[in-house]
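Welcome! Have the sequence and the 3D view ready, and work through the exercises below one by one.

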Amino acid sequence: MSFETISINTAQGGVQHVCRHRSNSTGTEMTFSVFVPAHAKGTALPVIWYLSGLTCTHANVTDKGEYRKTCAELGLIFVAPDTSPRGEGVPDDPAGAYDFGLGAGFYVDATEAPYSEHYRMWRYVTEELPALIAERFPVDRDRQSIMGHSMGGHGALTIGLSHPERYRAISAFSPIVAPSKVPWGQKALEGYLGGNRKTWRRHDAVALIDDGARVTDLLVDQGTADQFLDAQLQPERLLESCERAGIALTLRMQEGYDHSYFFISTFLEDHLRWHAARLGK
């Protein structure tokens with residue numbers, strides 16, 4: 001397996017890495033970033049996974065997230081993968097739309113041609129990349145949590161709900177909570193997984209909860225000025241499902257905030273501290 005360090009920068013007393021490797025899951029080169037705070041030699045640190053949204057790469061949160069100062073204070077490793085496979089031969093949306101194909105892997109393992117050859121983001125994020133990170137960085141594999149934004153919020157919720165034994169905390173910004181019910185999700189799930197909607201349920205946070213998935217609590221921030229709120233995000237569906245299931249959801253509707261990193265960077269520190277409390281920091 002090839003591995004390359006693209007850049008290393010000192011930040012907030014720690015080190016910001018950007019790395020690239022050849023993925024067995026996607027059959028492509030994949031780029032990701034890892035922030036490692038200053039720590040005593042031999043110390044294993046808790047890790048937070050951050051999954052990005054449509055059109056994004058690792059670089060969006062790495063450049064705009066404003067997480068390093070808080071991660072340095074709390075002793076948290078912060079990992080940001082890419083959102084889809086990329087490169088020559090990787091199929092895109094036939095019409096070139098932004099909400100499917102490149103930059104829009106939706107954190108599933110595709111079963112439909114031509115996407116099934118490369119679009120295996122579930123396996124990549126839950127198996128391959130964690131093993132690589134654990135091999136090369138000082139992570140405590142028993143103290144992990146996951147968060148994400150928009151499509152990445154969908155990924156964080158579905159992955160966290162599917163692996164409650166692994167992730168001690170789950171949070172999201174503006175997540176697609178019920179992709180089976182909204183245009184973005186319906187297009188992606190049918191395109192990657194086919195027309196049998198029963199197979200979609202394991203990639204739909206509301207359906208997972210309704211089918212019995214359980215965690216203690218969740219944190220979601222949503223901007224009231226988000227242009228995608230009503231048509232694509234619909235956080236009230238998650239609230240209703242959590243109320244039925246007895247899951248303590250903290251849903252914070254943030255007045256005047258939109259879907260951008262101006263919103264995410266404003267409240268990311270809150271999420272990091274919320275995660276740290278559940279990771280034993």
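Before the exercises, one definition: Lys and Arg count as positive and Asp and Glu as negative, while His and the chain ends are left uncounted. The place of a charge is NZ of Lys, CZ of Arg, CG of Asp or CD of Glu. This is a predicted model, where local features need pLDDT of at least 70, side-chain atom pairs count only at pLDDT 80 or more, and totals for chains, interfaces and linings use all residues. Residues are numbered from 1 along each chain as its sequence is written, and side-chain values use heavy atoms, with hydrogens and water left out.

**Exercise 1. Charges**

Find how many positive and negative side chains the protein has, and how far apart the centres of the two sets lie.

Solution. Step one: the protein has 27 positive and 34 negative side chains. Step two: the centres of these two sets lie 5 Å apart.

**Exercise 2. The overall build**

Describe the protein by its helices and strands, its radius of gyration and its buried residues.

Solution. Step one: the protein contains 9 helices and 9 strands; these are DSSP runs, with helices (H or I) of at least four residues and strands (E) of at least two, numbered from the N terminus. Step two: a compact globule of 281 residues would have a radius of gyration near 19 Å, and the protein agrees with this because its value is 18 Å. That radius is taken over C-alpha atoms, and the globule rule is 2.2 Å times the number of residues to the power 0.38. The C-alpha trace spans about 50 × 45 × 35 Å along the principal axes. Step three: buried residues make up 59% of the 281, where buried means under 20% relative accessible area, exposed over 50% and partly exposed in between (1.4 Å probe, protein chains only).

**Exercise 3. One residue in a strand**

Work out where Val36 lies and which residues it is in contact with, leaving aside neighbours within four places in sequence.

Solution. Step one: Val36 belongs to strand S3, residues 29–36. Step two: its relative accessible area is 7%, so Val36 is buried. Step three: with those neighbours set aside, the contacts of Val36 (heavy atoms within 4.5 Å) are Gly14, Val15, His17, Leu45, Ile77, Phe137 and Pro138. Step four: Leu76 is 40 residues from Val36 along the chain, and their C-alpha atoms are separated by 7.2 Å.

**Exercise 4. Aromatic rings**

State how many aromatic pairs the structure holds, then classify the pair of Tyr115 and Tyr119.

Solution. Step one: rings of Phe, Tyr and Trp (its six-membered ring) pair if their centres lie within 6.5 Å; planes under 30 degrees apart are stacked, over 60 edge-to-face and the rest tilted. Step two: there are 14 aromatic pairs in the structure. Step three: the ring centres of Tyr115 and Tyr119 are 5.6 Å apart and the planes stand at 75°, so this pair is edge-to-face. Step four: Tyr115 is buried at 7% relative accessibility, and Tyr119 is buried at 0%. Elsewhere, ring pairs link Phe35, Tyr50, Tyr67 and Phe78 into a cluster.

**Exercise 5. Backbone details in loops**

Say where Pro114, Phe106 and Ser174 lie, and look at the backbone of each.

Solution. Step one: Pro114 is in the loop between strand S5 (77–80) and helix H3 (121–136), and the peptide bond leading to Pro114 from Ala113 is cis, with omega near 0°. Step two: Phe106 also lies in the loop between S5 and H3. Its phi is near 60°, a positive value in a residue other than glycine, and Phe106 is buried at 0% relative accessibility. Step three: Ser174 sits in the loop between strand S7 (167–173) and helix H5 (183–193). Ser174 has a positive phi of about 45° although it is not a glycine, and its relative accessible area of 0% makes it buried.
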